[in-house]
Amino acid sequence: MKVTLEKDVMENNDRAAEFNRKLFQKTGTLVINIMSSPGAGKTTILEKTVRALSGQYRISVIEGDIATERDADRIRSAGTRAVQIATEGECHLDPRMIAKVLPEIDLDETDILFIENVGNLVCPSEFDLGQTHKVVVLSTPEGNDKIPKYPLMFHVTELALINKTDLIPYVPFDLDQARKDLQAINPESRLMPVSARSGQGFDDWLNWIKEARQACLKP
Ligand code: MG
Ligand code: ZN
């Protein structure tokens, strides 16, 4: 499918998000928008995820960063197609930026598209990219207080991956309190402890993706 952009899509965020969503639905592509603060482990999680799933699914990745092509290179080294968006100062991705790179991605040949947002717990939460699901990553060294401090991010996401659980013995992170705070902000959201480093909990994450992909195929 050849993607062509209309002028109003490039001028209006809501239209661009809708434009993206329709394309994703047409091709049955599962699109996951992953957000977190810098250093929470989004790229490491994605490297491990694409290594685990690329035998079963056709995967593409869009990497959002303020500058550099580094994360896209990491994903390519893990064996998956990746397109880098360098926002040149913008601290979030918006749906027009996504629409602009979609011609570089063959959605017909993509079962799962991961979008790694710019590292920032604030404004990425305000932009609908047209994705199927929004996921937030919070790493244990950041502390569980980030959940009540950045409520919008935890309100708009369906899954909170608590990454770097292997560090729990060394950092003050209260998993029970995190669960309570998440429940208070968004009772629908699921908290999932993982460690991209040790692999702990990673099967839960992979199963969540597989179920989400299955749901995309249902009419
Ligand atoms: Mg990254
Ligand atoms: Zn921003």
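## Exercises: a magnesium site and strand 5

Threonine 43 and glutamate 116 are both buried (under 20% relative accessible area, with exposed over 50% and partly exposed in between; 1.4 Å probe, protein chains only). This is a predicted model, in which local features need pLDDT of at least 70, side-chain atom pairs count only at pLDDT 80 or more, and totals for chains, interfaces and linings use all residues. Residues are numbered from 1 along each chain as its sequence is written, chains are lettered from A and ligands numbered from 1 in the order in which they are written, and side-chain values use heavy atoms, leaving out hydrogens and water.

**Exercise 1.** Identify the protein donors of the magnesium ion (ligand 1) and place them in the sequence.

*Step 1.* Donors are N, O and S atoms within 2.8 Å of the metal (3.2 Å for Na, K and Ca); water is not among the atoms, so sites may look incomplete.

*Step 2.* Thr43 (OG1), Asp71 (OD) and Glu116 (OE) lie 2.0 to 2.1 Å from the ion.

*Step 3.* Their spacing is T-x27-D-x44-E. Threonine 43 belongs to helix 3 (residues 42–53) and glutamate 116 to strand 4 (residues 112–116), so the pair ties together parts 73 residues apart in sequence. Helices (H or I, at least four residues) and strands (E, at least two) are DSSP runs, numbered from the N terminus.

**Exercise 2.** Describe the surroundings of strand 5 (residues 133–139).

*Step 1.* Of its 7 residues, 7 are buried.

*Step 2.* His133, Val135, Val137 and Ser139 point one way, and Lys134, Val136 and Leu138 the other.

*Step 3.* Strand 5 pairs in the parallel sense with strand 1 (residues 30–36) over 5 bridges; pairing requires at least two DSSP bridges. Valine 135 is the bridge partner of isoleucine 34.

*Step 4.* Strand 6 (residues 159–163) also runs parallel to strand 5, joined by 5 bridges, with serine 139 opposite asparagine 163.
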